[in-house]
Amino acid sequence: MKARKDIYQIAVLSGDGIGPEIVEQAVRTLKAIETRFGHTFQLNYVDFGAVSIDHNGIPFTDQARNTCLASDAVLLGAIGDPKYDNDPTIKVRPEQGLLQLRKDLGLYSNIRPLKIYDSLKEISPLKMERIENVDIEMYRELTGGIYFGEKSLNEEGTIASDLCTYSVMEIERIAIKAFEAAQKRSKKITLVDKANVLETSRLWRKVVQRLSVNYLDVETKYMFIDNAAMQLIVNPSQFDVILTENLFGDILSDEASVISGSIGLLPSASIGDNHALFEPIHGSYPEAKGKGIANPIATILSVAMMMDYFDLAEEAEVIRVAVEQVVNAKILTPDLNERDCFSTQLVGEIISYLVEDSSLSIECSFEKMRSSLLTII
Ligand code: IPM
Ligand code: MN
C-alpha cells in the first residue's frame, strides 16, 4: 500500500481490441472520484501491445517503460490481436510486452478476487446451491515459472522446451502476501501445485509448509492442480485464498471467473515492492472491438483495487457499491443481460454518476444519463 498524496500519476495503457473502450469507462470512474474526493489523477497515456508494435515496431517501448516506472500506478486495458495468434513463426508479439512490463516493474503478486453477486446467481453456469458463499482471492505468482524460463527450439524445429524455475525467494515473497491476506479474510489458504510430479511444486510446498508455522491462525491446505480444477466446479465455496504459481494461476483464474457469470466482472491487481498495475483479467476480445458491447466492470473494479492500493478505502468502497447497484438493477452489457442490454458507455456512465454522488438513486442516474444523451444529440 502507498502513502496518500494529493496528486497521483497514473500510466494508462489502453492496449488493443476493446482495451480503449473499457479503459475510457474506468477513466470516467477515476474522474468521478476526483470530483467527489478532491484528488488529482494525472493520466499519462502510452501505446502498448499490438498498437505499439504497429506504431513503434515493439510492444513495450523504453518511453512506455519510463512512464510506468515514474507512475504511482498503471491502469491497463487488454492486449492481443488475432493476427499474432495463429502464426507461430512471428517473432514480435503483444504478449511479450505484458510479460516484460510485469518483470520490469517487479509485479510478482497477482491478486484476482472472485465475488458472486446475488442478482447474477441465476446466470452462473453452476447450480445456485453450489455458488452460495463463494468468495475467493487468488494469489498468482506473476514474474517467474514457465512463463519466464529459458525457451528453446532445435534447428529442425522439431523439439521445443520451456523451462520452469522457481527460487525460495520468489515463492516466499508471494506466499507471505497470501498468508497475510488470508489472515484478514476467512483464514484459509490452499496452495495449488503438482507436487506429485514437479520439482518446482515440491519446493513451493516446502516453503509454504515452513511459512505456515508463522500463521497458525490460518488453516493451510495443499491441493494438486488437477483436483483443484475439479473442486472449483464441484465445491468452490471451500476456497478462501488460493496461492499458486504463474501458469496454474492463469488457467485457474479464467475457470474461476465464469462462476460469477462473466469473465467481464473480474478485476486484478499486480503488485510488487515498488510498483502496481491494475487490469481486468480478460483479454482484448477483438471480435467486440468498437461495438460497444464489452463489459467495463472488470476494469472499473480494477480501479477500486487501485484505490485500495493508494490507501483510499472509502473511494474503493464507493466504486464497489456503485457497481453492485448497476448489477442489481440489471444495467449490464450483453455478456450478462442478453435481452435488455446496455452499451459499454452507458454502463460506465451510470456507474460514474453513482460514484460521484452515492445518494443518487439508480432512476436519477438513469435520468441524468438520458439527459446527457439528449444534450449530445
Ligand atoms: C492474463 C493473460 C496473460 C497471461 C497473457 C495475455 C500473456 O492471459 O493476464 O491472464 O497469460 O498472463
Ligand atoms: Mn489469462
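In this predicted model, N133 is found in the loop between α6 (128-131) and β5. The backbone of N133 is worth a look, as N133 has a positive phi of about 65° although it is not a glycine. N133 counts as exposed because its relative accessible area is 64%, and the cut-off for that label is over 50%. A second residue of this kind is D311, another non-glycine with a positive phi, here near 65°. D311 belongs to the loop between α11 and α12 (313-328). With a relative accessible area of 32%, D311 is partly exposed.

The aromatic side chains come next. The count of aromatic pairs comes to 7. One of them joins F278 and Y309, whose ring centres lie 5.8 Å apart with 50° between the planes, a tilted arrangement. F278 is part of strand β12 (residues 276-280), while Y309 is part of helix α11 (residues 297-309), so this pair ties together parts that are 31 residues apart in sequence. Are these two residues buried or exposed? Both F278 and Y309 turn out to be buried. Y309 also pairs with F310: the centres of these rings are 5.9 Å apart and the planes stand at 45°, so this pair is tilted as well. Y309 and F310 are both buried. Taken further, ring pairs link Y8, F41, F278, Y309 and F310 into a cluster. A reader can follow that cluster in the structure by starting at Y309, with F278 as one partner and F310 as another.

A ring can also have a charge for company. The charged end of K103 sits over the ring of F148, at 4.7 Å from the ring centre. Both K103 and F148 appear again among the neighbours of T143, a residue in the loop between β5 and β6 (151-153). T143 has a relative accessibility of 3%, so this residue counts as buried. Which residues does T143 touch, leaving aside those up to four places away in sequence? The contacts are R102, K103, G106, L107, Y108, F148, E170, R173 and N246.

Opposite charges meet in many places, and the count of salt bridges comes to 22. One of these joins the side chains of R185 and E137, with N and O 3.8 Å apart. This bridge links distant parts of the chain: R185 lies in the loop between α7 and β8 (188-193) and E137 in strand β5 (residues 135-141), 48 residues apart. The two partners differ in their surroundings, as R185 is partly exposed at 23% relative accessibility, whereas E137 is buried at 15%. The label for E137 follows because buried means under 20% relative accessible area. R185 and E137 also belong to a wider network of salt bridges that links D135, E137, R185 and D240.

Another salt bridge brings together the side chains of K194 and D226, at 3.1 Å from N to O. K194 sits in the loop between β8 and α8 (199-212) and D226 in helix α9, so the bridge ties together parts that are 32 residues apart in sequence. K194 has 19% relative accessibility and therefore counts as buried. D226, at 47%, is partly exposed.

A more local case is found within one helix. E199 forms a salt bridge with R202, where the closest N and O atoms are 2.9 Å apart. Both residues lie in helix α8, 3 residues apart, which is about one turn of the helix. E199 is exposed at 55% relative accessibility, and R202 is partly exposed at 35%.

Some nonpolar side chains also reach the surface. M230, I233 and V234 make a nonpolar surface patch of about 240 Å². One of the three, V234, lies in helix α9 (residues 225-234), the helix that also holds D226. V234 has a relative accessible area of 43%, so V234 is partly exposed. Elsewhere, M169 is found in helix α7 (residues 168-184). At 48% relative accessibility, M169 is partly exposed too. How far apart are the C-alpha atoms of M169 and I136? The separation is 25 Å, for two residues that are 33 residues apart along the chain.

Note on methods. Residues are numbered from 1 along each chain as its sequence is written. Chains are lettered from A and ligands numbered from 1 in the order in which they are written. This is a predicted model: local features need pLDDT of at least 70, side-chain atom pairs count only at pLDDT 80 or more; totals for chains, interfaces and linings use all residues. Side-chain values use heavy atoms; hydrogens and water are left out. Rings of Phe, Tyr and Trp (its six-membered ring) pair if their centres lie within 6.5 Å; planes under 30 degrees apart count as stacked, over 60 as edge-to-face and the rest as tilted. Helices (H or I, at least four residues) and strands (E, at least two) are DSSP runs, numbered from the N terminus. Buried means under 20% relative accessible area, exposed over 50%, partly exposed in between (1.4 Å probe, protein chains only). A charge sits over a ring if NZ of Lys or CZ of Arg is within 6 Å of the ring centre and within 35 degrees of the ring normal. Patches are made of residues with over 30% relative accessible area and no salt bridge: like charges are joined within 9 Å, nonpolar side chains (Val, Leu, Ile, Met, Phe, Trp, Tyr) within 5 Å. Accessible areas come from the Shrake-Rupley method with a 1.4 Å probe; for residues, only the protein chains shown count as cover. A salt bridge is a side-chain nitrogen of Lys or Arg within 4 Å of a carboxyl oxygen of Asp or Glu. Contact means heavy atoms within 4.5 Å.
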